[in-house]
Amino acid sequence: MSRPSTRGRRVLTTAAIAVAATALLASCASAGGAAPTAAPASSEPVEGGTLRLSISAEPGCLDSHSISATQQALLGRLIYDNLVTLDRDGNLAPYLAESWDISEDGKTYTFHLRDDVTFSDGSPWNAEALGLNFEHMRDPATKSPLAAAYIAPYVDGTVIDEYTFEAHLAYAYTPFLYGLAQSWVAITSGKAIQESPETLCQNPIGSGPFVLDDYKPGQSISYVKREGYHWAPEWLGYEGEAHLDRIDFTVVPEEVIRYESLVSGQYDLTEALPPQNAAAIQANPDFVYENLIRTGSPSVLHFNTSRAPFDDIRVRKAFVAAVNRDAIANAIGFGTYNVKDNYLSSKTVYYDPTTEGKLVYDPKAAAKLLDQAGWTERDADGFRTKDGTRLQVVVPTTQSATPSPLLVQLQGEVKKVGIDLVIDQVPQAQLSERRYAGDYDALSGVWHTNTPDILFIRYHSSEITGERIGQNSSYLKDAELDELLQKTRETPDGPEAAKAYSAVQHRLLELVPGLPLYENQSQWAYSKRVKGIEVDTSHPIPVFTNAWIED
């Protein structure tokens, strides 16, 4: 297999590779800083067997291009391959594309594809299939919440020959290849896209190491080994068929049951291990525990800066200063969450550590800022008022039997300085409607992606919902920030990109579009009988191509 082409101006420089390697390798480190503790293979792999997993939820659809669910990062890796991948060090590496060229102006990508790959429906992988995938991602009928955003600058493509495809972009867009390495932008059978796109949710067709066998939405998903698979990415160190015959997922929403069924041996691995059980599982010699930081956006309570009270930056700064993030992270994460004080995951490439320590817990400063903003009076309940109006912040969230523990914690923190945080539980459909209409004072959320371009997606004014659904839920509009963010997209990887992303991070700390809380942690655990698990560097999730179960 050839390496990525070095032609064209936008090839990674040595410095850029070093930066990417450092950041993304670190993303595979545990919250405590240790490397992933995958169980070493102590003997030759055992062929066959069924791996049993419990997961907290399933996406409701297995067409990668149609969904944004976190679980798809794990589920998609089984049945799909990607055009490119990130290797163990976080560098771009070949996958279904053997190499690629990038034009001098950064707007044309020429992909040279493998010629020995087929999809599980028997159809070939080729340039035509790649073009169909790009069209499927951006087709409004696909209703893509993620894939379409990651390839948004894609204009059109040209089939040069059967295994060469030329992609044309509207402008130089450096994050393009990183986006293409993510599970949500995986490659689907071109034949299936053409003939039966409406079936892809329930019957996805990929070229990956496993094939869907049975899917009961909301209950379970089963996969069987793909016969003849031999094109795994080089970083796995193994290109043959999977060792496992079968992988069964069961949806187990209850945290306690996920933990207990793991330690009882009912399942071999659980995704979304409850933080309150992390210490117990670490102390159990029969299991491996992983606590990895996802790249992208950490947990942030985004302020709606388009309306009161958060249209006043003094209120935004006061809210941040009023919250003891350490106390909240400990209460919610039982010591397993890393506290965050800025807007980019610390494991994301081009994260700037000089941004740390700027947003501090200081209730006295918070009170002073609120006084300056005119919220000087108090009502009978002790909340601040101005012109007879209470300083109230309404935060809608998904309806559940118990209120969000995070919002309850925040409610108590800001009450101390006179802010009334109202938790508004609504059905999911209503929450989505209010999200798209901007009908909220604040919203909490995370966003995992393998590129710092998350800052553009989250904070550029073009990403405010208008004609299309955008992801700038802070409704932040700042001309200086927009200019800085556009520069990050157009700057080739390397020192200049690092400088551009640093400027963005510092500008965000001046604008305070939200309250950063803690890193977006990925916690999972598995029996030590399971060997050969690898960790994907685009997503901190297990990869099972080379996994096997010890007798």
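**Exercise 1. Helix 15 against helix 16**

Work out how helix 15 and helix 16 pack in this predicted model, and which residues make the contact.

*Solution.* Start with the geometry: helix 15 (residues 479-490) and helix 16 (residues 495-511) pack at an angle of about 155 degrees, and their axes are 9 Å apart. Angles over 145 degrees count as roughly antiparallel, so helix 15 is roughly antiparallel to helix 16. Next comes the handedness: helix 15 passes helix 16 in a left-handed crossing. Now go through the residues. Helix 15 brings E480, L481, L484, L485, K487 and T488, and these meet A500, Y501, A503, V504, R507, L508 and L511 of helix 16. Sorted by class, the contact holds nine nonpolar, one polar and three charged residues.

**Exercise 2. Helix 9 against helix 11**

Do the same for helix 9 and helix 11: what are the angle and the distance between their axes, and which residues touch?

*Solution.* Helix 9 (residues 313-322) packs on helix 11 (residues 363-372) at about 160 degrees, with the axes 8 Å apart. The two helices are therefore roughly antiparallel to each other, and their crossing is left-handed. On the helix 9 side the contact uses R314, V315, K317, A318, A321 and A322; on the helix 11 side, P363, A366, L369, L370 and Q372. The class tally for this contact is eight nonpolar, one polar and two charged residues.

**Exercise 3. The sheet 4-5-7-6**

Trace the four-stranded sheet, find its edges, and find the helix that packs on it.

*Solution.* The strand order is 4-5-7-6, in an open sheet with antiparallel pairing. Strand 4 (97-102) and strand 6 (154-161) each have a single partner strand, so they stand at the edges and one side of each has no neighbour in the sheet. On average, neighbouring strands are turned by 20 degrees against each other, direction ignored. Helix 3 (residues 127-138) packs on this sheet, touching strand 5, strand 6 and strand 7, and its direction makes about 170 degrees with that of strand 6.

Now the pairings. Strand 5 (residues 108-113) and strand 7 (residues 164-169) run antiparallel and are joined by five bridges; Y109 has A167 of strand 7 as its bridge partner. Strand 6 pairs with strand 7 over six bridges, again antiparallel, and there V159 is partnered by F165 of strand 7. Strand 6 and strand 7 make a hairpin with two residues between them.

**Exercise 4. The sheet 19-13-20**

Which strands stand at the edges of the three-stranded sheet, and which helix lies across it?

*Solution.* Read off the order, 19-13-20: three strands in an open sheet, paired antiparallel. Strand 19 (442-448) and strand 20 (514-518) are the edges, because each has a single partner strand, leaving one side without a neighbour in the sheet. Neighbouring strands here are turned by 25 degrees on average, direction ignored. Zoom in on strand 13 (residues 296-303): four bridges join this strand to strand 20, and V300 stands opposite P516. Finally, helix 12 (residues 405-415) lies across strand 13, strand 19 and strand 20, at about 120 degrees to strand 20.

**Exercise 5. The two domains**

Find the domain bounds, then say how far apart the C-alpha centres lie and how many residues are in contact.

*Solution.* Domain 1 covers 50-293 + 523-549, while domain 2 covers 296-519. Their C-alpha centres lie 30 Å apart. Across the boundary, 24 residues of domain 1 are in contact with 24 residues of domain 2.

Conventions. Residues are numbered from 1 along each chain as its sequence is written. This is a predicted model: local features need pLDDT of at least 70, side-chain atom pairs count only at pLDDT 80 or more; totals for chains, interfaces and linings use all residues. Side-chain values use heavy atoms; hydrogens and water are left out. Two strands pair if DSSP finds at least two bridges between them. Axes are lines fitted to C-alpha atoms, for helices over the stretch in contact, and angles run from 0 to 180 degrees between N-to-C directions. Contact means heavy atoms within 4.5 Å. Angles under 35 degrees count as roughly parallel, over 145 as roughly antiparallel, 65 to 115 as roughly perpendicular and the rest as oblique. A crossing is left-handed if the near helix is turned anticlockwise from the far one by less than a right angle, and right-handed if clockwise. Ala, Val, Leu, Ile, Met, Phe, Trp, Tyr, Cys and Pro count as nonpolar, Asp, Glu, Lys and Arg as charged, and the others, Gly among them, as polar. Domain bounds come from an automatic or database domain assignment.
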